[in-house]
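Q: I have a protein model on the screen and do not know how to read its features. Could you take me through a few of them?

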Amino acid sequence: MIESSYLEDSIDNIKKLMRVPGMKNFDTKNVGKLLKLSKIREYRDREEIIKEGDNDPWMYILLSGKIRISKQDHEIGIIDKKGEVFGEMRIIDNGARSASIVAVGKTVCLAVNTTAKNRLSTYTTEEDRLDFLLLLY
């Protein structure tokens with residue numbers, strides 16, 4: 001995996017993210033917040049993104065490529081639509097991953113750290129942070 005550092009909430013980055021399907025409903029303030037919690041991750045073919053049973057803090061937005069979802073080594077689906085969100089149950093239940101996800105070909109995702117809420121603390125209240133996480137869900 002190739003991973004960027006946390007993204008900046010610059011005008012250019014906000015414009016790019018707002019072109020992603022599903023992000024058009026966010027206002028620019030919330031897109032900026034999302035960027036501060038996010039990194040760009042690029043995966044090789046068959047590289048694991050999420051491992052069933054793990055307890056990691058990331059949710060993802062597919063920017064390009066394709067992913068395969070499997071549970072107990074049985075394929076249960078493929079996602080190839082730009083803007084699709086996966087790994088989002090992490091926001092709700094804090095439980096272990098219920099399925100594995102691997103890249104199919106070169107795949108690029110926006111990875112959002114759902115536990116990095118402290119990165120927003122400089123300009124928002126606790127209630128604003130909770131509202132933002134609810135919006136993500």
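A: Start with one loop: Asp73 sits in the loop between strand S4 (58-71) and strand S5 (74-79). Keep in mind throughout that this is a predicted model.

Q: What is phi of Asp73 near, and what is the sign of the value?

A: Phi of Asp73 is near 65°, a positive value, and the residue is not a glycine.

Q: Is Asp73 buried or exposed?

A: A residue counts as exposed when its relative accessible area is over 50%. Asp73 has 79% relative accessibility, so it counts as exposed.

Q: Which place does Arg46 have in the chain, and what is its phi?

A: Arg46 lies in the loop between strand S2 (38-43) and strand S3 (48-50). Its phi is positive, about 70°, although Arg46 is not a glycine. Arg46 counts as exposed because its relative accessibility is 67%.

Q: Now the whole chain. How many helices and strands does the protein have, and in what order do the elements run?

A: There are 4 helices and 7 strands. Read from the N terminus on, the order is β-α-α-β-β-β-β-β-α-β-α.

Q: How do I read burial for the protein as a whole?

A: Take the share of residues that are buried, which means under 20% relative accessible area. Here the protein has 137 residues, and buried ones make up 42% of them. The area that the protein exposes is about 7700 Å², with carbon and sulfur atoms supplying 48% of it.

Q: What do contacts between residues far apart in sequence tell me here?

A: Take the contacts in the protein with a separation of 6 or more: 76% of them join residues 24 or more positions apart.

Q: Why look for a nonpolar core?

A: In soluble globular proteins, nonpolar side chains tend to be buried together. In this model, the largest nonpolar core has 17 residues, and those with the most contacts inside it are Leu17, Met23, Leu34, Ile61 and Leu110. The elements that give two or more residues to this core are helix H1 (11-18), helix H2 (28-36), S4 and strand S7 (100-113). There is also a second, separate core of 15 residues, which includes Ile49, Ile67, Ile79 and Ala111.

Q: Which residues does Leu17 touch?

A: Leaving out residues up to four places away in sequence, Leu17 touches Met23, Val31, Leu34, Leu35 and Leu110.

Q: What volume does the largest pocket have, and which residues are closest to its centre?

A: The volume of the largest pocket is about 270 Å³. It is lined by 16 residues, and Gly87, Met89, Arg97, Ser98 and Ala99 are the closest to its centre. Two elements give two or more residues to the lining: strand S6 (85-86) and helix H3 (89-93). H3 gives the most, with 3 residues. Sorted by class, the lining has 9 nonpolar, 3 polar and 4 charged residues.

Q: Where is Ser98 found, and which residues does it touch?

A: Ser98 is in the loop between H3 and S7. Not counting residues up to four places away in sequence, it touches Glu52 and Lys71. Ser98 and Asn55 are 43 residues apart in sequence, and their C-alpha atoms are 9.7 Å apart in space.

Q: Why does Ser98 count as partly exposed?

A: Partly exposed is the class between under 20% and over 50% relative accessible area. Ser98 has 49% relative accessibility, so it counts as partly exposed.

Note on methods. Residues are numbered from 1 along each chain as its sequence is written. This is a predicted model: local features need pLDDT of at least 70, side-chain atom pairs count only at pLDDT 80 or more; totals for chains, interfaces and linings use all residues. Side-chain values use heavy atoms; hydrogens and water are left out. On a 1 Å grid over the protein atoms alone, a cavity is a set of points where a 1.4 Å probe fits but cannot get out, and a pocket is an open set with protein on both sides within 12 Å along at least five of seven lines; lining residues have an atom within 4 Å of a point. Grid points are joined across faces, edges and corners, and a volume is the space filled by probe spheres set on the points. Ala, Val, Leu, Ile, Met, Phe, Trp, Tyr, Cys and Pro count as nonpolar, Asp, Glu, Lys and Arg as charged, and the others, Gly among them, as polar. Buried means under 20% relative accessible area, exposed over 50%, partly exposed in between (1.4 Å probe, protein chains only). Contact means heavy atoms within 4.5 Å. Accessible areas come from the Shrake-Rupley method with a 1.4 Å probe; for residues, only the protein chains shown count as cover. A nonpolar core is a set of buried Ala, Val, Leu, Ile, Met, Phe, Trp, Tyr and Cys residues joined through side-chain atoms within 4.5 Å.
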